[in-house]
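The following exercises ask the reader to examine a protein model and to reason from its residues. Each task is followed by a solution in steps.

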Amino acid sequence: MHVDIDTHPARRLATVRHLGPYNQIGRAFGELGQRLGPAMGALAMHGAAMIALYHDDPDSVAPADLRADAAMVVPDEFELPPGVTEQRLPAGRYASTLHVGPYEQLGDVWQRFMGEWLPASGERVASSPAVETYLNNPETTPKEQWRTLLSIPLA
């Protein structure tokens, strides 16, 4: 597994909360898209990324109680519509690995990243959420070419 450590900038996010198994966050992304409506396309054209935030350790929190957020990076001047919550992702050091392939494989990649790479690295996780950044559009890209950057904040 190839992992890069770099500094990510602070980001302002428009979010919709998801409670439950992480692999069911797609519903929250659907709701986020509906609430952002036409603004979503304009934001994406200006480089706004779609990301997911994962707040809990699935090995220690019951699946029904897992907290995640479907999110889109938005500029400071963007007015959030009703039903969308603002969150701030802090700047800092992150360890990141790139997954190319279907989202269904992300759980296995996270397991290797957190269960193998992290303990061997000597790094410690900071208190911010883990992040998935979706680097291409799953509606126009074949599944085997989907690119997802998995990032964990480092202390």
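**Exercise 1: A residue in a strand**

Val100 belongs to strand E6, which spans residues 92-100. The model is a predicted one.

Task: Determine whether Val100 is buried, partly exposed or exposed, and state which surface patch includes Val100.

Solution.
Step 1. The relative accessibility of Val100 is 44%.
Step 2. A residue is buried under 20% and exposed over 50%, with partly exposed in between.
Step 3. Val100 therefore counts as partly exposed, because its relative accessibility is 44%.
Step 4. Together with Leu98 and Leu135, Val100 forms a nonpolar patch on the surface; the three have about 240 Å² of accessible area together.

**Exercise 2: A histidine and its surroundings**

Task: Classify His8 as buried or exposed, and identify the side chains with which the side chain of His8 makes polar contacts.

Solution.
Step 1. His8 is located in strand E1, residues 4-8.
Step 2. Its relative accessibility is 11%, so His8 counts as buried.
Step 3. The side chain of His8 makes a polar contact with the side chain of Asp6, at 3.2 Å, and another with the side chain of Arg11, at 3.3 Å.
Step 4. Leaving aside residues up to four places away in sequence, His8 touches Ala91, Gly92, Tyr94, Ser96 and Ser151.

**Exercise 3: A threonine in strand E2**

Task: Establish whether Thr15 is buried or exposed, and find the polar contact of its side chain.

Solution.
Step 1. Thr15 lies in strand E2.
Step 2. Because its relative accessible area is 1%, Thr15 is buried.
Step 3. The side chain of Thr15 makes a polar contact with the side chain of Gln87, at 3.3 Å.
Step 4. When residues up to four places away in sequence are not counted, the residues that Thr15 touches include Leu32, Asp69, Gly83 and Gln87.

**Exercise 4: The nonpolar cores**

Task: Describe the largest nonpolar core, and state which element gives the largest share of this core.

Solution.
Step 1. The largest nonpolar core has 31 residues. Those with the most contacts inside this core are Ile25, Phe29, Leu32, Tyr54, Phe113 and Ile152.
Step 2. Among the elements that give two or more residues to this core are strand E2 (11-19), helix H1 (26-36) and helix H3 (106-121).
Step 3. H3 supplies the largest share, six residues.
Step 4. A second, separate core has eight residues, including Leu13, Leu53, Ala71 and Val73.
Step 5. Leu32 touches, among others, Ala14, Thr15, Met50 and Val84, with residues up to four places away in sequence not counted.

Note on methods. Residues are numbered from 1 along each chain as its sequence is written. This is a predicted model: local features need pLDDT of at least 70, side-chain atom pairs count only at pLDDT 80 or more; totals for chains, interfaces and linings use all residues. Side-chain values use heavy atoms; hydrogens and water are left out. A nonpolar core is a set of buried Ala, Val, Leu, Ile, Met, Phe, Trp, Tyr and Cys residues joined through side-chain atoms within 4.5 Å. Buried means under 20% relative accessible area, exposed over 50%, partly exposed in between (1.4 Å probe, protein chains only). Helices (H or I, at least four residues) and strands (E, at least two) are DSSP runs, numbered from the N terminus. Contact means heavy atoms within 4.5 Å. A polar contact is a pair of N or O atoms within 3.5 Å; within protein, one must be able to donate a hydrogen and the other to accept it, and residues adjacent in sequence count only if both atoms are side-chain atoms. Patches are made of residues with over 30% relative accessible area and no salt bridge: like charges are joined within 9 Å, nonpolar side chains (Val, Leu, Ile, Met, Phe, Trp, Tyr) within 5 Å. Accessible areas come from the Shrake-Rupley method with a 1.4 Å probe; for residues, only the protein chains shown count as cover. A salt bridge is a side-chain nitrogen of Lys or Arg within 4 Å of a carboxyl oxygen of Asp or Glu.
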